[in-house]
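Colleague: I am new to this structure and would love a close look at a single part of it. Could you take me through the nonpolar core and how the rest of the protein sits with it?

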Amino acid sequence: MAQHGDNLLDLLSQCPWWVSVVFSGVVYAVLRFLLPGVQFENLLLRGFAQAAPTIALPLCVVLLFPAGISLLD
């Protein structure tokens, strides 16, 4: 169960390694392919949707770090 103060990387490192890999792949697909196709009326959300493909790969690499930690644990 998630405790107050736990962050996403801590939670992923406590899960099996493959959970981080699958989660990272889903985040990449959403940021790279799905989100840019959504038409937002809000200017801030529209800007984030346009920037999402740029940040997709670096974010997914960060999300893969807990896989290595949980694999060695």
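Modeller: Happy to; here is a walk from the overall fold to the core and then out to the surface. Please keep in mind that this is a predicted model.

Let us begin with the fold. The protein has three helices and zero strands, and from the N terminus its elements follow one another as α-α-α. The radius of gyration is 14 Å, well over the 11 Å that the globule rule gives for 73 residues, so the protein is more spread out than a compact globule. Its C-alpha trace spans about 45 × 25 × 15 Å along the principal axes. If you take the contacts between residues at least 6 apart in sequence, 65% of them join residues at least 24 apart.

Now to the part you asked about. Of the 73 residues in the protein, 21% are buried. The largest nonpolar core is made up of nine residues: Leu 12, Val 27, Leu 31, Leu 35, Ala 49, Ala 52, Ala 56, Cys 60 and Leu 63. Helix 2, which covers 17-34, and helix 3, which covers 43-72, each supply at least two residues of this core. Helix 3 gives the most, with five residues. As background, nonpolar side chains in soluble globular proteins tend to be buried together.

Ala 56 is a good residue to zoom in on, being one of the nine in the core. Once its neighbours within four places in sequence are left aside, Ala 56 is in contact with Tyr 28, Leu 31 and Arg 32. Among these partners, Leu 31 is itself a member of the core.

Finally, let us step outside. The accessible surface of the protein comes to about 5500 Å², and 70% of that belongs to carbon and sulfur atoms. On this surface there is a nonpolar patch formed by Trp 17, Trp 18, Val 21, Val 22, Val 26, Val 30, Leu 34, Leu 64 and Leu 71, which together have about 860 Å² of accessible area. Helix 2 and helix 3 turn up again here, each supplying at least two residues of the patch. For the patch, the largest share comes from helix 2, with seven residues, whereas for the core it is helix 3 that gives the most.

Leu 71 makes a nice last stop: this patch residue is found in helix 3. Its relative accessibility is 55%, and because the cut-off for exposed is over 50%, Leu 71 counts as exposed.

Key:
Residues numbered from 1 in each chain as written. Predicted model: local features only at pLDDT ≥ 70, side-chain atom pairs only at ≥ 80, totals over all residues. Heavy atoms only, no water. Core = buried A, V, L, I, M, F, W, Y, C linked by side-chain atoms within 4.5 Å. Buried < 20%, exposed > 50% of the residue type's maximum accessible area, 1.4 Å probe, protein only. Helix = DSSP H or I, 4+ residues; strand = E, 2+ residues; numbered from the N terminus. Contact = heavy atoms within 4.5 Å. Rg over C-alpha atoms; globule rule 2.2 N^0.38 Å. Areas by Shrake-Rupley, 256 points an atom, 1.4 Å probe, with all protein chains shown as cover. Patch = residues over 30% accessible without salt bridge, like charges linked within 9 Å, V, L, I, M, F, W, Y side chains within 5 Å. Salt bridge = Lys/Arg side-chain N within 4 Å of Asp/Glu carboxyl O.
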